[in-house]
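Reader: I am new to reading structures and would like to look closely at one part of this one. Could you choose a part, lead me to it and go through it strand by strand, with some account of the whole around it?

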Amino acid sequence: MGNKWRYMATKGWRSQLEQPVSIAPLITFRVVFGLVMVFSVLRFWYLGWIEDHYIDTQVTFDYFGFEWVRLLPPFWMYALHVLMLLGALGITLGLFYRVSAALFFLTFTYTELIDLTYYLNHYYFVSIASFLLMLVPANRRFALDNWIWPAEYSLQTPRWTIGIFKLQIAIVYVYAGLAKINSDWLLRALPLKIWLPAQDTLPLIGGLFKFKITPWLFSWLGMLYDTTIVFWLSWRKSRVLAYLSVIFFHSVTGMLFQIGVFPIVMIGATWIFFSERFHETLLEWLERRGAYFRKSANLVFAKAAPKATPNWLLCLLVCHFSFQLLFPWRYLLYPGNVFWTEEGYRFSWRVMLMEKAGTATFYVKDTQTGREGVVDNSEFLKPHQEKQMAMQPDMILQFAHFLTEHYEQKGVHQPAVRVETYVTLNARPSQLLIDPEMDLTTLKDSWKPKSWILPYAYDTQK
């Protein structure tokens, strides 16, 4: 009897996921995402960031576990971005769609894994979204693939192919909101109390930042927005007002902070919460204006039922979302303040939560002669690299090991490397991050707690 009930429950759960629904929301998500990625790649190239990040650089900082991702020669770094652009175009047009989505995912993720310095939450989201796009049939309508494989054309898709994007967006927002539930953000309005007064010259809204209460209002509204917006977007009666708040929220954050195309990505991605009728109307309007995307040539196949979802794919999705739900909580396994140690900080949707800065002075000692010298960090690092490294313990450790290898090649005998690094968090007095007498060459990075990080003297939150 127990097995029978489990079978019926599983069958009911699966039938709900595979229920045919309009494919229109998935198609508009694909097109919007592809267009934004085309713009993003061209913008990155135009601003000279390929050369700045990947060509004119001596040192790259590795993600733990991805040390094998190395910088390619200049020609291949440019070639990689050409392939990335082709992948984004293929996603937008629905041309060789699966290959294009895989190409974009692999090239984009590879470039982001090259240097930890440039980690941003929205890069992580783009990698996830492109990975999920590889798994769904988002080329069965309004796609050039329909002319190559007309039998694949369909007006329907399994419900899960749209639901996975809604769930991923919900995770981004809700976890970002939960991360804001801390004493600095809600009770002290930090770091907004530092940032907003400096933006009082912005047009239209700059005058609001002169009021002392504004940072507290923005802090609380930001937390409430992140934790609840997906629910308001999901409810038909509040959807339009909720989407207007999405536009306002991301437009303001885009003006205030240097976060690239993230506001555009989220403004476009949240369209997927709109009704099937909205997407159908939009798609039909686009089809009337694009001869190569008209559905009339494929209507004979339009009512074909979606194919059953393979078990391996459902298992992959369960693993993916289990990871997405659990991994951000890993910081609870580490002692101390997560903003100070940054153990478990990344890949947890902690967006613009702290004002942190540091200065790091490295000393290299020849253990044979006892002579010690001071390192000029700018000899090896770009300004942004040095800024990020000086306040992140794992990057400090990596740079220490780089200096060890560098000075060994220069003839220094078994160099010992120590660092004197002072860090300030949310405008509090700076303090030592690491014991300045510790030889960093004796340490290795791992998943274990970094006991060599000094405790935070102003520890008010986990």
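**From a loop to a sheet**

Author: Leu155 counts as partly exposed, because its relative accessibility is 23% and the buried class ends under 20%. The model you are looking at is predicted. In it, Leu155 sits in the loop that runs from helix H7 (145–148) to strand E2 (156–158). Leu155 serves here as a starting point, since a line can be drawn from it to the part I have chosen. Between the C-alpha atoms of Leu155 and Gly370 there are 75 Å, and along the chain these two residues are 215 residues apart. Gly370 belongs to the hairpin of E3 and E4, and that hairpin leads into the sheet.

The sheet is an open one of four strands, in the order E4-E3-E5-E6, with antiparallel pairing. Its edge strands are E4 and E6, each of which pairs on one side only. Read the order across the sheet, and keep it apart from the numbering, which follows the chain from the N terminus.

Start at the E4 edge. Strand E4 covers residues 372–374 and is joined to E3 by three bridges, the two strands running antiparallel. Two of the partners can be named. Lys365 has Glu372 in E4 as its bridge partner, and Val364 has Gly373 in E4. In the hairpin that connects E3 with E4, six residues lie between the strands, and Gly370 takes a positive phi near 80° there.

Next comes the pairing of E3 with E5. Strand E3 (residues 356–365) and strand E5 (residues 416–425) run antiparallel and are joined by ten bridges. Tyr363 finds its bridge partner in Arg418 of E5, while Ala357 finds its partner in Thr424 of E5. Follow these two pairs and you can see the antiparallel sense for yourself: from Ala357 to Tyr363 the numbers rise, and from Thr424 to Arg418 they fall. In a regular strand, side chains alternate between the two faces of the sheet.

How much of E5 is buried? Of its ten residues, seven are buried, so E5 is largely enclosed by the rest of the structure.

The other edge is E6. Strand E6 covers residues 431–432, and two bridges pair it with E5 in the antiparallel sense. Tyr422 stands opposite Leu432 in E6. The hairpin of E5 and E6 has five residues between the strands, and here Asn426 takes a positive phi near 50°.

Positive phi values deserve a short detour. Most residues other than glycine have a negative phi, and most peptide bonds are trans. Just ahead of the sheet in the chain, Trp349 lies in the loop between helix H16 (338–341) and E3. Trp349 is not a glycine, yet its phi is positive, at about 60°. Trp349 counts as buried because its relative accessibility is 1%. Phe96 is another residue with a positive phi, about 45°, although it is not a glycine. Phe96 belongs to the loop between helix H4 (74–93) and helix H5 (97–114). With a relative accessible area of 45%, Phe96 is partly exposed. As for the peptide bond, a cis one joins Leu190 and Pro191, with omega about 10°. Pro191 is in the loop from helix H9 (183–187) to helix H10 (192–195).

Now set the sheet in the whole. The protein has 18 helices and six strands. Its radius of gyration is 25 Å, which agrees with the value near 23 Å that a compact globule of 462 residues would have. Along the principal axes, the C-alpha atoms fill a box of roughly 85 × 60 × 50 Å. Buried residues account for 51% of the 462 residues. Of the contacts between residues at least 6 apart in sequence, 74% join residues at least 24 apart. The exposed area is about 22900 Å², and carbon and sulfur atoms supply 66% of it. The protein has 42 positive and 34 negative charges, and the mean positions of the two groups are 16 Å apart.

To retrace the sheet on your own, begin at E4 and move through E3 and E5 to E6.

Definitions and conventions. Residues numbered from 1 in each chain as written. Predicted model: local features only at pLDDT ≥ 70, side-chain atom pairs only at ≥ 80, totals over all residues. Heavy atoms only, no water. Pairing = 2+ DSSP bridges. Rg over C-alpha atoms; globule rule 2.2 N^0.38 Å. Buried < 20%, exposed > 50% of the residue type's maximum accessible area, 1.4 Å probe, protein only. Contact = heavy atoms within 4.5 Å. Areas by Shrake-Rupley, 256 points an atom, 1.4 Å probe, with all protein chains shown as cover. Lys, Arg positive; Asp, Glu negative; His and termini not counted. Charge placed at Lys NZ, Arg CZ, Asp CG, Glu CD.
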